[in-house]
Amino acid sequence: MDSRHPASPACSLDEAPDGYRGYLPPAEIAAAVRTMAAQARQTGRERLAADLAAIAAGLPPAAAGATAMPDDLAAAFDALLPRIRDNALHARLKALRDAG
């Protein structure tokens, strides 16, 4: 082996598309947040529904055939949070989840 050349190229994960790394595109996040707002409304959690709707209003139009969210809101938050790359959006949704 030639010691002047590394055995493998440097990691280029930062250059990989977000989807490859498990992050959802904004339109799918929008669909998930809108679904969660509807779930909150159905369970009588109007304040949470309003907060989620406000977040969704700042997102792009929802994607058709987006990732399905669990029926349980806590599970929906837990499924969505690791797939959000935007730190500010992640923090807002995490704060809503943690507020109960």
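**Exercise 1.** Among contacts in the protein chain between residues at least 6 apart in sequence, what percentage join residues at least 24 apart?

*Solution.* Keep in mind that this is a predicted model. Start with the elements: the protein chain has four helices and zero strands, and from the N terminus on they run α-α-α-α. Now turn to the contacts between residues at least 6 apart in sequence: 66% of them join residues at least 24 apart.

**Exercise 2.** Find out which helix supplies the largest share of the largest nonpolar core.

*Solution.* First, the setting: of the 100 residues in the protein chain, 27% are buried. Next, look at the core itself, which has 24 residues; Val33, Met36, Leu52, Leu80 and Leu93 touch the most other members. At least two core residues come from each of helix 1 (26-42), helix 2 (46-57), helix 3 (73-80) and helix 4 (87-99). Helix 1 gives the largest share, with seven residues. To see one core member up close, pick Leu80: leaving aside its neighbours within four places in sequence, it is in contact with Leu24, Ala32, Val33, Met36, Met69 and Leu93.

**Exercise 3.** Work out how helix 2 and helix 4 are oriented to each other.

*Solution.* Begin with the axes, which come within 11 Å and cross at roughly 175°. Angles over 145 degrees count as roughly antiparallel, so helix 2 and helix 4 are roughly antiparallel to each other. Then list the residues that make the contact: Leu48, Asp51, Leu52 and Ile55 of helix 2, with Leu89, Arg92, Leu93 and Leu96 of helix 4. Finally, sort them by type: six are nonpolar, none polar and two charged.

Terms used: Residues numbered from 1 in each chain as written. Predicted model: local features only at pLDDT ≥ 70, side-chain atom pairs only at ≥ 80, totals over all residues. Heavy atoms only, no water. Buried < 20%, exposed > 50% of the residue type's maximum accessible area, 1.4 Å probe, protein only. Contact = heavy atoms within 4.5 Å. Core = buried A, V, L, I, M, F, W, Y, C linked by side-chain atoms within 4.5 Å. Axes fitted to C-alpha atoms, helices over the stretch in contact; angles between N-to-C directions. Parallel < 35°, antiparallel > 145°, perpendicular 65-115°, else oblique. Nonpolar A, V, L, I, M, F, W, Y, C, P; charged D, E, K, R; others polar.
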